[in-house]
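Student: I should like to learn how the terms used for a protein model are justified. May we go through the model below together?

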Amino acid sequence: MIPKHRFEQILNTFAKSFFQGLLIIGPFALTIWIIWYIVSSIDNIIPAISQQFYPGITFLIVIFSTTLIGYLGSKFIIGRVVVDTFDYILEHTPGIKFIYTSLKDVMTSFVGDKKKFNQPVLIKTSDNPDVWRIGFLTQSDLSSVGFPNYVSVYLPHSYAVSGWVVFVLASNIVALENVTAAQAMKFAVSGGVAGFHSDDNVFKAPE
């Protein structure tokens, strides 16, 4: 019969090893699952193609078609004219206009030449004690809506895809230096766990 203390040691070792295994396998498994889910979802748009050839073909067609449209729409005059024409029609079609412009504004905020979430800042939310939150400057002038000297800042939630938009005095924000937008977003979404400390990039809190 195994002594009680020895059994507890074995059990503790087993539990620690199990959770260590989860830490190793978890990120890999979730990444693969997310990728597979995205590929499968796109494949299901036209299931006949994937079933006739091989899984993932619809996904590849969508990716390469999107890339081709993006290239033609930005590099060639005819492509630009076609894109601008469709854009004009959708932006001036009643009913569709609201959906299209809303989606367009959200997507262009994250990608493209007019990205909005590219200016990471710290916003002061409390004086005693000093509390700072990480966010992204989205509008640098709110005078047109009756808030002179105010700016708008987007504050992403941790472990979520949601967030807040707040109006604050420009004097209550501090630009984050030596921090890219991607690093700032990763820091905020991860709840600060990911951090952005490294040999080349050291985060410094405001004085």
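**Strands, rings and charges**

Tutor: Strands β1 and β2 form a hairpin, with 2 residues between them. The model is a predicted one, in which local features need pLDDT of at least 70 and side-chain atom pairs count only at pLDDT 80 or more, while totals for chains, interfaces and linings use all residues. Residues are numbered from 1 along each chain as its sequence is written, and side-chain values use heavy atoms, with hydrogens and water left out.

Student: What makes β1 and β2 a pair of strands, and which way do they run?

Tutor: Two strands pair if DSSP finds at least two bridges between them. Strand β1 (residues 120-127) is joined to β2 by 7 bridges, so the condition is met, and the two run antiparallel. Within this pairing, Leu122 has Ile134 of β2 as its bridge partner. The strands themselves are DSSP runs (E, at least two residues), numbered from the N terminus, as are helices (H or I, at least four).

Student: How do you know that β1 also pairs with β5?

Tutor: By that rule, the 3 bridges between β1 and strand β5 (residues 173-175) suffice, therefore they pair; they too are antiparallel. Ile123 has Ile173 as its bridge partner in β5.

Student: Why is the contact between Lys124 and Asp127 called a salt bridge?

Tutor: The term requires a side-chain nitrogen of Lys or Arg within 4 Å of a carboxyl oxygen of Asp or Glu. For Lys124 and Asp127 the N to O distance is 3.2 Å, so the term applies. Lys124 also forms a salt bridge with Asp130, because their closest N and O atoms are 3.7 Å apart. Lys124, Asp127 and Asp130 are thus linked in a network of salt bridges.

Student: Why is Asp127 called exposed, and what are Lys124 and Asp130 called?

Tutor: Buried means under 20% relative accessible area, exposed over 50%, and partly exposed in between (1.4 Å probe, protein chains only). Asp127 has 59%, so Asp127 is exposed. Lys124, at 25%, counts as partly exposed, and so does Asp130, at 48%.

Student: What makes Phe18 and Phe19 an edge-to-face pair?

Tutor: The structure holds 3 aromatic pairs. Phe18 and Phe19 form one of them, with 5.5 Å centre to centre and 75° between the planes. Rings of Phe, Tyr and Trp (its six-membered ring) pair if their centres lie within 6.5 Å; planes under 30 degrees apart count as stacked, over 60 as edge-to-face and the rest as tilted. Both values therefore satisfy the rule for an edge-to-face pair.

Student: Why is the pair of Phe147 and Phe167 edge-to-face, and where do its residues lie?

Tutor: Phe147 and Phe167 have 5.3 Å between centres and 85° between planes, so the pair is edge-to-face. Phe147 lies in the loop between β2 (130-139) and β3 (150-156), and Phe167 in strand β4 (residues 163-169), 20 residues apart. Phe147 is partly exposed at 34%, as is Phe167 at 39%. With Tyr150, Phe147 and Phe167 form one aromatic cluster.

Student: What is the mean confidence of the chain, and how does it vary?

Tutor: The confidence of the predictor in each residue is its pLDDT, from 0 to 100. The protein chain averages 77, and 86% of the residues score at least 70. Confidence is lowest in helix α5 (residues 96-110), at a mean of 70, and highest in β3, at 87.
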